[in-house]
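Me: Please take a close look at one small part of this structure. Then work outward from there, and keep it brisk.

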Amino acid sequence: MTSAIRTRELTKDYHVGFWRPRPYRALDRLSIDVAPGDVFGFLGPNGAGKTTTLKLLMQLVFPTSGEAEILGRPAGDVGVRRRIGYLPENPYFYDHLTAEELLGYYGQLFGMPPAERRRRISATLDRLGVFAERRLALRKFSKGMLQRVGLAQAVLNDPEVLFLDEPMSGLDPLGRRDVRALMLEMRDQGRTIFFSSHILSDAEALCSQVAIVASGRLAAAGRLTDLQEFAVKGWELVMAGVPPASLERLRARAVRVHTIADDHYVIELPPDGAPEELLRELAGAGAKLISLNPLRETLEDVFVRRVAEVGEGARPSTGLPSTELRAGGAGGGRP
Amino acid sequence: MNAARCVAVAVFRESVRDRVFYNLVIFALLLVGASILIGQLTAGQDVKIIKDLGLAATSLFGLFIAIFVGINLVSKEVERRSVYPLLAKPIRRSEFIAGKYAGLLLTLLVNTAVMTIAIYAVLFFLSRGVPERIQHAWEAPAMDPALLKAIALIYLDLAVVTAVALFFSTYSSPMLSAAFTLGVYVVGQFNADLKRFDQIVDSPPAIFIAKACYYVLPDFAKFDVKLAVVHGIPVSVAYMLSTTGYAAAYVAALLFGAMVIFSRRDFK
């Protein structure tokens with residue numbers, strides 16, 4: 001199966017300095033494959049190379065070496081641009097146009113006939129929650145509204161592959177929810193979504209695959225479940241009304257026990273702590289279960305650790321053969 | 001070419017919304033005001049002065065638009081990053097440049113056409129009621145169709161200036177582009193002098209540089225037949241055609257250069 005997005009050893013050097021320009025490597029030999037239908041989270045701190053990667057894929061900058069393909073065609077192919085959508089980071093459009101006119105302009109570039117163009121513009125703006133404002137000049141738009149217009153232009157042509165650079169940036173909680181809903185809707189329609197973010201909760205809620213970049217290099221990649229090391233690292237029980245005798249026995253088995261309220265206890269068990277057995281025992285002694293949670297490393301932890309590893313120059317241990325990610329292959333699926 | 005047409009229409013629309021055509025109001029006021037003021041002068045002189053003033057103003061106002069809109073055509077889009085979503089659409093970078101150029105050319109066409117109508121209108125009112133025999137004594141008739149030749153060459157001059165501005169704006173900032181374009185325009189006015197530089201100066205390097213400038217820079221003086229037309233000196237069709245060819249060659253070369261530079265540019 002052809003990858004929706006494929007890069008091989010993609011590298012970009014910028015030259016910094018006026019009198020004696022020195023090369024600065026913004027992206028270092030990035031190789032990724034994104035399967036059709038995947039929601040791919042491209043994560044990393046600011047300045048990691050996320051935007052550079054997206055610009056390379058849109059051919060807004062040209063690679064120093066390596067190659068990039070979208071839908072089996074070289075990045076920058078005019079034909080393939082009919083089938084993709086792109087939202088730049090902090091998008092900016094034309095002050096003098098209204099949202100409707102902007103989408104009209106872009107719709108014409110896609111060669112949409114007038115009637116279809118009008119229908120699509122109206123439906124897309126409705127979908128993104130741009131209602132009465134659509135007839136206002138864009139210079140009067142707030143950052144959040146501009147982001148919505150940006151998303152509208154990105155999905156106007158009903159793209160097969162959607163590239164979003166920090167789509168949640170500048171949005172309030174309602175806006176974030178709408179964007180998340182839009183992305184899920186696109187995913188359900190079988191579209192491929194490639195989005196960059198430094199907000200990890202977005203990736204946790206949406207992505208089937210993620211890649212983490214730091215200092216221009218791929219630091220980790222894989223299915224979210226693999227990366228998060230979903231293997232349970234322990235259990236956390238919150239119980240109420242534990243009798244003192246049971247509590248003593250508990251302390252011997254638990255990693256930690258601490259009181260949070262009068263007779264409420266947080267009990268941390270090791271991964272092999274068999275919480276079912278303990279629960280039965282405590283219930284028999286008259287204690288009441290408030291909550292039971294598995295303890296896992298969060299994406300945040302993975303993120304910080306991988307970034308630190310790359311920063312120290314250590315070879316990242318991705319659990320993959322090289323810094324290459326094969327997404328959506330055998331056994332691939334959504335978490 | 002559909003993509004280039006879309007860009008051209010967008011440029012024209014932006015010109016309208018940016019009130020570029022407000023200059024027409026000033027132009028009209030200038031002409032009408034001047035005609036009232038000089039209406040007191042000897043019959044015949046006022047017609048000549050209006051022609052002079054009208055053609056000079058058409059050229060000057062057009063020049064302002066060509067330079068100050070021209071330098072922003074590309075650089076503003078790059079600076080404000082509106083070019084990012086645009087170039088991710090099915091459009092080649094060369095079509096983007098062609099569209100930008102065509103859009104400003106259309107703006108200038110409308111501007112020049114309205115100014116032409118205004119000049120003829122003022123000339124019509126000034127010559128109204130002047131006896132036939134007096135009109136016969138004039139160097140050129142008031143409603144002289146030859147004025148159109150001068151205006152056509154002004155338009156070609158503006159087309160070349162726009163191409164120069166667009167060329168610079170594909171790789172430098174608006175301020176620098178404006179300075180470069182104005183520089184080229186001013187030096188281009190004295191292009192003929194550069195050719196004769198060896199008659200004034202002895203230094204071979206200076207002569208070489210002057211000759212090089214003569215061959216590289218457009219000769220803007222070629223487009224100026226205002227004086228001849230006002231004084232009724234005929235401008236031949238052959239001259240019109242050769243000057244048109246000259247402008248077309250310059251515009252083609254500059255646009256090609258702009259397209260090549262822009263097509264390779266990284267948008268950091």
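Reply: Two strands of chain A, β12(A) and β13(A), make a hairpin, with two residues between them. Helices and strands here are DSSP runs numbered from the N terminus, where helices are H or I with at least four residues and strands are E with at least two. The model is predicted: local features need pLDDT of at least 70, side-chain atom pairs count only at pLDDT 80 or more, and totals for chains, interfaces and linings use all residues. Residues are numbered from 1 along each chain as its sequence is written, while chains are lettered from A and ligands numbered from 1 in the order in which they are written.

Stay with the hairpin. β12(A) covers residues 256–261, and β13(A) covers residues 264–269. The two pair in the antiparallel sense over five bridges. Pairing requires that DSSP finds at least two bridges between the strands. At the turn, A261(A) has H264(A) as its bridge partner in β13(A).

β12(A) has little cover: of its six residues, the count that are buried is zero. Buried means 20 or more other C-beta atoms within 10 Å of the residue's own, exposed means 12 or fewer, and partly exposed lies in between, with C-beta atoms placed from the backbone.

The hairpin sits in a wider sheet. Four strands of chain A form an open sheet, in the order β12-β13-β11-β14, with antiparallel pairing. β12 and β14 (288–295) of chain A are the edge strands, each with a single partner, so one side of each has no neighbour in the sheet. Neighbouring strands are turned by 20° against each other on average, direction ignored.

On its other pairing, β13(A) meets strand β11 (residues 234–240) of chain A in the antiparallel sense over six bridges. H264(A) of β13(A) is the bridge partner of A240(A). Helix α9 (residues 275–284) of chain A packs on this sheet and touches β11, β13 and β14 of chain A. The direction of α9(A) makes about 10° with that of β11(A).

Now the rest of chain A. Chain A has ten helices and 15 strands. Of its 335 residues, 41% count as buried. Among contacts in chain A with a separation of 6 or more, 73% join residues 24 or more positions apart. A contact means that two C-beta atoms, placed from the backbone, lie within 7 Å.

Two backbone angles in chain A deserve a check. Most residues other than glycine have a negative phi. R29(A) has phi near 45°, a positive value in a residue other than glycine. R29(A) lies in strand β2 (residues 22–34) of chain A. R29(A) has 18 other C-beta atoms within 10 Å and is partly exposed. Q59(A) also has a positive phi, near 55°. Q59(A) sits in the loop between α1 (50–57) and β4 (65–70) of chain A. It has 20 C-beta neighbours inside 10 Å and so counts as buried.

Cross to the partner chain. In all, 21 residues of chain B are in contact with 23 residues of chain A. On the side of chain B that touches chain A, α1 (2–17) and α4 (83–87) of chain B each supply at least two residues. α1(B) gives the most to that side, with six residues. By class, that side has ten nonpolar, two polar and nine charged residues. Nonpolar covers Ala, Val, Leu, Ile, Met, Phe, Trp, Tyr, Cys and Pro; charged covers Asp, Glu, Lys and Arg; the others, Gly among them, count as polar.

Chain B has twelve helices and zero strands. Its C-alpha atoms fill a box of roughly 70 × 55 × 30 Å along the principal axes. Of its 268 residues, 40% count as buried. Residues 24 or more positions apart make 82% of the contacts in chain B with a separation of 6 or more.

One helix pair closes the tour. The axes of α3 (residues 45–80) and α5 (residues 93–127) of chain B come within 10 Å and cross at roughly 165°. α3(B) and α5(B) are therefore roughly antiparallel. α3(B) passes α5(B) in a right-handed crossing. Residues meeting there include G54(B), G62(B) and V69(B) from α3(B), and L104(B), N111(B) and M115(B) from α5(B). By class, this contact has 14 nonpolar, eight polar and two charged residues.

The angle conventions are these. Axes are lines fitted to C-alpha atoms, for helices over the stretch in contact, and angles run from 0 to 180 degrees between N-to-C directions. Angles under 35 degrees are roughly parallel, over 145 roughly antiparallel, 65 to 115 roughly perpendicular and the rest oblique. A crossing is right-handed if the near helix is turned clockwise from the far one by less than a right angle, and left-handed if anticlockwise.
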